[in-house]
Amino acid sequence: MAPPVRYCIPGERLCNLEEGSPGSGTYTRHGYIFSSLAGCLMKSSENGALPVVSVVRETESQLLPDVGAIVTCKVSSINSRFAKVHILYVGSMPLKNSFRGTIRKMSEQLKKTRLLVEIYKSFRPGDIVLAKVISLGDAQSNYLLTTAENELGVVVAHSESGIQMVPISWCEMQCPKTHTKEFRKVARVQPEFLQT
Amino acid sequence: MAGLELLSDQGYRVDGRRAGELRKIQARMGVFAQADGSAYIEQGNTKALAVVYGPHEIRGSRARALPDRALVNCQYSSATFSTGERKRRPHGDRKSCEMGLQLRQTFEAAILTQLHPRSQIDIYVQVLQADGGTYAACVNAATLAVLDAGIPMRDFVCACSAGFVDGTALADLSHVEEAAGGPQLALALLPASGQIALLEMDARLHEDHLERVLEAAAQAARDVHTLLDRVVRQHRAELRGGHRLVLGAGFPAADPAHLHVGERHGLHHGGGAVCGRRPCPGFCPGLRRPPQEVGGSASGLA
């Protein structure tokens with residue numbers, strides 16, 4: 001099968017900077033690449049460029065939301081100016097402890113359409129929202145998120161009667177039982193991921 | 001009755017060791033499933049337990065968050081039954097605070113904090129039995145726990161204490177040797193590069209002897225490194241070999257928002273996540289990872 005995987009510990013010298021480029025789980029010092037995690041050594045051979053040397057653990061360690069990452073969050077409370085959310089998943093990985101985030105009204109402005117979006121018409125408490133991290137925040141605030149793209153926005157929402165709603169357009173969702181329409185900023189789902 | 005000789009004429013110490021010999025070290029990693037990382041170490045009769053949580057969001061005042069690094073928070077606590085006489089130690093007393101500060105300085109030097117800005121890493125160390133060399137045991141246990149949690153570190157941190165009796169440097173002091181009143185030095189070392197993370201001594205020692213004592217402590221720390229290396233590899237062999245039904249970091253600790261996605265949204269799931277305690281009723285096809293996948297090839301870490 002595959003050649004025996006080499007197990008390394010932090011501080012172990014892996015290779016020269018000329019033989020590989022540092023990937024995740026490594027750091028460089030004095031022209032050498034050292035491991036910073038206890039895990040298996042992986043070398044990905046790229047065509048042309050140097051192989052990327054990385055150390056991977058069997059159990060994935062905690063990921064932190066980074067700028068530009070797509071996160072899945074749940075709206076906890078809303079205000080006319082912003083919506084406070086709990087960040088639950090970063091990409092497709094669940095977080096052990098949820099982080100707090102904020103979606104601000106100003107960031108909702110889509111430059112193309114110039115629509116001033118109302119928070120009350122975009123989210124409600126309990127909605128599951130796909131958002132992107134725009135800032136890690138400063139001393140006073142949490143992670144700042146935005147839903148100002150077509151693929152971002154509300155994914156799952158429940159109507160006031162408690163039934164999960166079906167999206168009708170980019171700004172409306174309808175309850176299948178009571179047929180009431182409610183305003184939400186709906187995320188446009190990629191067609192290939194729709195269950196038919 | 002003859003007085004207690006710390007070093008006999010034949011070169012044996014009180015417990016029969018040689019001058020540069022360490023006590024027996026046994027360690028285990030991953031003793032607690034609920035913490036991110038945990039480890040237990042026994043150095044002779046000194047027993048220490050370390051638990052690591054993190055990196056997670058800053059608890060308490062957000063003003064303490066550092067914009068470019070993670071905050072390392074260490075707390076040391078000594079059990080009431082750890083010494084010969086039962087002594088109740090209040091939580092914020094001077095020794096605990098000082099030890100916590102020393103541990104923090106040690107681990108801030110070793111953990112790559114720049115990778116996790118605006119977050120916090122908690123290291124809690126508990127001494128269950130104190131028979132000399134408590135700082136060293138705490139550091140060794142905390143190193144294994146940080147490794148178990150998967151927090152990137154520059155290198156292992158290995159610590160050992162050393163003393164000086166009758167012109168000979170002793171490594172790894174026990175309580176009897178510490179109580180005798182001679183100079184004691186505590187050293188925390190990063191073995192691969194030979195860099196010193198922390199060096200502490202509060203006694204009087206002539207500078208001519210410092211070199212020898214330092215070298216004895218450094219050699220002992222390197223020996224500790226060899227042992228800890230073996231413990232880490234053994235732990236990994238156990239993980240791979242034995243049946244492990246507990247999946248990795250996929251369980252959310254409390255489950256306030258069990259996510260049911262009616263239709264898949266525009267993300268590549270790739271078998272990454274696991275739903276909470278309730279078995280998922282098949283509603284979230286992309287979020288369930290089959291149990292056999294543990295230990296297989298890692299999914300691409302973004």
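## Strands, sheets and helices in chains A and B

In chain A, strand E2 (residues 13–16) is joined to strand E5 (residues 32–35) by three bridges, and the two run antiparallel. This is a predicted model, in which local features need pLDDT of at least 70 and side-chain atom pairs count only at pLDDT 80 or more, while totals for chains, interfaces and linings use all residues. Residues are numbered from 1 along each chain as its sequence is written, and chains are lettered from A in the order in which they are written.

Helices (H or I, at least four residues) and strands (E, at least two) are DSSP runs, numbered from the N terminus. Two strands pair if DSSP finds at least two bridges between them.

In the pairing of E2(A) with E5(A), A:Arg13 stands opposite A:Phe34. E5(A) also pairs in the antiparallel sense with strand E4 (residues 26–29) of chain A, over four bridges. Here A:Arg29 faces A:Tyr32. E4(A) and E5(A) form a hairpin with two residues between them, and A:His30 in the turn has a positive phi of about 55°.

Chain B holds an open sheet of five strands with mixed pairing, in the order E1-E2-E3-E5-E4. Strand E1 (25–29) and strand E4 (71–78) of chain B have a single partner strand each, so they stand at the edges and one side of each is left without a neighbour in the sheet. From one strand to the next the twist averages 15°; axes are lines fitted to C-alpha atoms, for helices over the stretch in contact, and angles run from 0 to 180 degrees between N-to-C directions. E1(B) runs antiparallel to strand E2 (residues 37–43) of chain B, with five bridges between them. In this pair B:Ile25 stands opposite B:Gln43.

An open sheet of four strands in chain B has the order E7-E6-E8-E9 and antiparallel pairing. Its edge strands, each pairing on one side only, are strand E7 (168–171) and strand E9 (195–201) of chain B. Neighbouring strands of this sheet are turned by 25° against each other on average, direction ignored. Six bridges link strand E8 (residues 184–190) of chain B to E9(B) in the antiparallel sense, and B:Leu190 stands opposite B:Gln195.

The table lists helices of chain B that lie across strands; contact means heavy atoms within 4.5 Å.

| Helix | Strands touched | Direction |
|---|---|---|
| H1(B) | E8 and E9 of chain B | about 165° to E9(B) |
| H2(B) | E6 (158–165), E8 and E9 of chain B | about 165° to E6(B) |
| H2(B) | E1, E2, E3 (46–56), E4 and E5 (120–129) of chain B | about 150° to E2(B) |
| H4(B) (residues 207–241) | E1 and E2 of chain B | about 40° to E1(B) |

Helix H1 (residues 94–110) and helix H2 (residues 134–149) of chain B pack at an angle of about 45°, with their axes 11 Å apart. That makes H1(B) oblique to H2(B); angles under 35 degrees count as roughly parallel, over 145 as roughly antiparallel, 65 to 115 as roughly perpendicular and the rest as oblique. Residues making the contact include B:Met99, B:Leu103 and B:Phe107 of H1(B) and B:Tyr135, B:Val139 and B:Val146 of H2(B).

UniProt lists residues 21–152 and 155–219 of chain B as "domain: Exoribonuclease phosphorolytic" in an unreviewed entry; such annotations may be inferred rather than shown by experiment, and positions are given in the numbering used here, with feature names shortened. Residues 21–152 of chain B are 25% helix and 31% strand, and their end C-alpha atoms lie 31 Å apart. For residues 155–219 of chain B, the values are 28% helix and 40% strand, with end C-alpha atoms 17 Å apart.

Key
Heavy atoms only, no water.
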